[in-house]
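Reader: I'd like a close look at a single part, the second largest pocket. By class, which residues does its lining have?

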Amino acid sequence: MNATCCNPASTATQTTPSVGVTESLQKPLYNVIGNTDAYEVRVELPGVAKSGVKIDLEDNVLSIRGERGSATPEGWKTLHRELSGLGYQLRLRLNTPVDEDKLTANLENGVLTLKLPLKEAAKPRRIEVQ
């Protein structure tokens with residue numbers, strides 16, 4: 001898994017060319033671990049509900065996007081703000097084929113955990129000498 005490709009800057013302004021909309025996003029903190037059977041990606045998404053998470057896998061690029069809801073209740077006015085309201089975006093290029101049908105995602109306590117099982121053809125094999 002190559003984490004150097006496709007990562008946005010820590011706070012980036014991105015333009016969606018198809019609709020001409022400009023939005024600000026930030027790169028979340030994340031870890032990637034792996035063994036011979038799978039990768040596990042853990043991404044911090046504080047303030048993001050399950051309904052605000054969007055995960056796509058296309059052309060070997062894993063895209064994770066998290067949108068936060070408004071923290072200010074209707075009828076209230078923000079008087080002081082230090083908490084960021086920016087959404088998150090992380091894009092990781094996969095350099096090993098994963099089994100897309102067995103991919104799982106779980107969001108708990110602001111941490112998204114993705115399990116990416118490797119395809120059988122990508123797993124290491126030992127070949128016995130005859």
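**The second largest pocket**

Author: By class, 5 residues of this lining are charged, 2 are polar and 2 are nonpolar. Charged means Asp, Glu, Lys or Arg; nonpolar means Ala, Val, Leu, Ile, Met, Phe, Trp, Tyr, Cys or Pro; the others, Gly among them, are polar. The model is predicted: local features need pLDDT of at least 70 and side-chain atom pairs pLDDT 80 or more, while totals for chains, interfaces and linings use all residues. Numbering starts from 1 along each chain as its sequence is written, and side-chain values use heavy atoms, without hydrogens or water.

The second largest pocket holds about 210 Å³ of space. (A pocket is an open set of 1 Å grid points that a 1.4 Å probe fits, with protein on both sides within 12 Å along at least five of seven lines; lining residues have an atom within 4 Å of a point.)

Now the residues. β5 (53-58), β6 (61-66) and β7 (87-93) each give two or more residues to the lining. (Strands are DSSP E runs of at least two residues.) β6 gives the most, with 4 residues. These are V61, S63, I64 and R65. From β5 come K54, D56 and E58. Q89 and R91 come from β7.

For contrast, take the largest pocket. About 290 Å³ of space lies there. Its lining has 13 residues; A71, R81, L83, S84 and G85 are the closest to its centre. By class, the lining of the largest pocket splits into 8 polar, 3 charged and 2 nonpolar residues.

How values were computed. Points joined across faces, edges and corners; volume = space filled by probe spheres on them.
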